[in-house]
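Let's take a walk through this model together, going from the overall build of a chain down to a few backbone details. Keep the viewer open as you read.

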Amino acid sequence: MTGINDAISGKHREVLTGWGRTSPSAAHVVPVTDEQDIASELAELTERGVIARGLGRSYGDSAQNAGGLVFDMTHYNAINSFDSVTGVVDVQAGISIDELITHFLPLGWFVPVTPGTRSVTVGGAIAADIHGKNHHVAGSFGNHVRSMDVLFADGQVRTLSPTQTPDQFWATVGGMGLTGVILRARIALTAVESAHINVETVRANNLDELMSRQVELEETYPYCVAWIDCLSKGDRLGRGVITAGRFAQLSELDGKRASDPLAYEPAKPIAAPSFAPSGLLNRWSVAAFNEAWFRKAPKHRIDEIQSMATFFHPLDGVAGWNALYGRAGFVQYQFVVPESSSEVVRVAIEKLSAIGAASFLAVLKRFGAGNPAPMSFPMPGWTLALDIPTGVDGLAAVLDELDQLVANAGGRVYLAKDARMQPHLLPTMYPRIGEWNATRDAMDPQHRFASDQARRLHR
Amino acid sequence: MMDALGHPQSVFLAGGTSEIGLAIVRELMSTRIERLVLAGRNHTEMTLTAASFAHNNRKLDVLDLDISHTELHEICLDQAFGGGDIDVAIMAIGVLGNQAEDELDVKKAMKVIRVNSSDSIELTMRIFERMAKQGHGTLVVLSSIAAVRPRRANFIYGAGKAGLDAFTQGLIELGNEVGVKVILVRPGFVRTKMTAGMEDAPFSVYPHEVAADTVDAIRKNKSIIYSPAQVGAVAVALRNLPRPLLRKLPR
């Protein structure tokens, strides 16, 4: 039954949301298989504009465009070429991190940066300038893009690189798709000896311990992150489990792993029930989960060999886990504050815990240096990410308060997660937005690239 | 745009002097609201009301709208939607009539039924079309418990609201296909100037209570609500009550 949609726009429309399943909106979705698809659609663009969409893992409203056009890039996913000397791969932007890993890990190459899920496209990874557990040594995704081909608002495809066109290149990195459509990219992969990770696990009883142990572990390990139990209070506030790791060397593997060190077979995900009752994840079930998770972790363990997927992408084991939050959906709140303001992390945990905002996915990580992109999220300091069901009473006010604290501390909120921040804080959080605006205006004077998030934040 | 926690940036109230409608506007008010549009018949009263919502650069628009002049609906909506996207529209127009007089006068009865039913449905559908076109929006439609179980004391009003209510139930489904969230609100007896002088019925509420329940529905993604929630149970009971018994109940 799409009668009304076809009638409204003369074109087929679909209702889209982000991964948090909040704020749905309808758009004309065009699957892109070649550049001709894009060019012909651009020619008859309405004032509602267009945004490119990958696998829809942005939590909020950044990859949807109410009443306008959305390019579905996921079928534009070919590998064009690979240089086995430099490790640079040339791909179409709709290819996923999963497809890249499946193809290249058996050959001894890994993606330079991976988020907590393999289900993101290269185009999305660049547009959000995603980060991973190795940010403190490797920076974010944009740091590893040698060049990219971008479709501009004028219909021309231009090759952008950090050396030839730095302004346009870095405005597109972290630009949330508002400078153009990323069509192809050259990404530098990282050589690895095995498909396994040598992991050190440390359990910490409070936030101070968690932070200081994390700083120590970062010295030795390229990958490091902490899971936080956000519901623990008092002197156990901020207790958690740190996992740090590096790709295992051949000499560290035994048995089957040694005979085929690069073998990679992701487990078939189990499916989460698509119609979960809204109250399934509440403060009691999450508290029980957190307690079990914390107890399960060893106080200290070294030299554990884990598979790549277990270490990097634990949530990919459950397909459609976002449905567990029920029909009202959830928000993910992620911010970063400079190291000198690390107390904001404690305040955030306290304030959210006080209203019973149960989060069974709270992740703490210390970022290293940022990159030249004016709208890139990572900056040196601590970043905290939490999933919170939207139905929690008082949530909107607490998050507004936290936004203000984060902004005052010189920190920022991550736009790939954002679904609710207020427009007036954007220039405080992203002080180089003026630079970005100037470049974007030059690249797309009429703002033909538009999204619901851009509309909400007046970008 | 509506944010993930149900806070809009723009609100359109059809029935700009409606106490329940304005209570919903008040309940939705936040620093996020950049534009408020009031549409109705009493321009002066709406202008004064709009001024009470002034804040920073918030844009306040007052538009003329008479539900019965259906040929002029589009002029109002052109202005409402022409000034930018509408995130939440509230359809809060209705007349109670005077049952005792109206049931003796076909013309009067039909006027009440037309306003509450076909004229209201027409405006609701036009607002819905605009929202479907912009690809998003929340449309709140005020119905009544009387639409669910008409009584001897209010069946003319109830018949009108029943038409709007049935139409809106279908619109909820259609809205799911086009990204428009439709919310049907069925208040019990609300103490307003429209019901002034009438005797309170059981589970009476004030407009601000209906507003709180309505905004809760927006934020918790509910599509049909009773206010107060207890009248939902009453409605189900009344619907299944044999008519001879129903007759014996106080109002």
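Start with chain A of this predicted model, where you'll find 15 helices and 21 strands. How compact is chain A for its 459 residues? Its radius of gyration comes to 21 Å, close to the 23 Å from the globule rule, so chain A is as compact as a globular protein of that length. Along the principal axes, the C-alpha trace of chain A spans about 60 × 55 × 45 Å. Buried residues account for 53% of the chain. Now take the contacts in chain A between residues at least 6 apart in sequence: 75% of them join residues at least 24 apart.

Next, the domains. The domain assignment splits out domain 1 (79-192) and domain 2 (196-420) in chain A. Their centres, taken over C-alpha atoms, are 24 Å apart. Each domain puts 29 residues into the contact between them. Which helices of domain 1 of chain A supply at least two residues each to the side that touches domain 2? They are H3 (97-104), H5 (135-138) and H6 (166-172) of chain A, and H5(A) gives the most, with three residues. Sorted by class, that side of domain 1 holds 10 nonpolar, 16 polar and three charged residues.

While you're in this part of chain A, have a look at an open sheet. Five strands make it up, in the order E5-E6-E10-E8-E9 (chain A), and the pairing is antiparallel. Strands E5 (79-83) and E9 (157-160) of chain A sit at the edges with a single partner strand each, so one side of each has no neighbour in the sheet. On average, neighbouring strands here are turned by 15 degrees against each other, if you ignore direction. As a reminder, strands of a sheet pair through backbone hydrogen bonds, either parallel or antiparallel. Zoom in on the edge: E5(A) and E6 (residues 88-92) of chain A run antiparallel and are joined by four bridges. Within that pair, Ser81(A) stands opposite Asp90(A) of E6(A).

Now bring in the other chain. Where chain B meets chain A, 18 residues of chain B are in contact with 32 residues of chain A. On the chain B side, helices H5 (106-134) and H7 (155-178) each supply at least two residues. That side of chain B breaks down into seven nonpolar, six polar and five charged residues.

Last stop, some backbone oddities. Most residues other than glycine have a negative phi, and most peptide bonds are trans. Asp129(A) has a positive phi, near 45 degrees, and it's found in the loop between helix H4 (122-127) and H5 of chain A. Is Asp129(A) buried or exposed? Asp129(A) counts as buried, because 29 C-beta neighbours lie inside 10 Å. Over in chain B, Asn221(B) has a positive phi too, near 60 degrees. Asn221(B) lies in the loop between helix H8 (207-219) and E7 of chain B; with 19 other C-beta atoms within 10 Å, Asn221(B) is partly exposed. Finally, a cis peptide bond links Ser227(B) to Pro228(B), with omega at about -5 degrees. You'll find Pro228(B) in the loop between strand E7 (224-227) and helix H9 (230-239) of chain B.

Key:
Residues are numbered from 1 along each chain as its sequence is written. Chains are lettered from A and ligands numbered from 1 in the order in which they are written. This is a predicted model: local features need pLDDT of at least 70, side-chain atom pairs count only at pLDDT 80 or more; totals for chains, interfaces and linings use all residues. Domain bounds come from an automatic or database domain assignment. Two residues are in contact if their C-beta atoms, placed from the backbone, lie within 7 Å. Ala, Val, Leu, Ile, Met, Phe, Trp, Tyr, Cys and Pro count as nonpolar, Asp, Glu, Lys and Arg as charged, and the others, Gly among them, as polar. The radius of gyration is taken over C-alpha atoms; the globule rule is 2.2 Å times the number of residues to the power 0.38. A residue is buried if 20 or more other C-beta atoms lie within 10 Å of its own, exposed if 12 or fewer, and partly exposed in between; C-beta atoms are placed from the backbone. Two strands pair if DSSP finds at least two bridges between them. Axes are lines fitted to C-alpha atoms, for helices over the stretch in contact, and angles run from 0 to 180 degrees between N-to-C directions.
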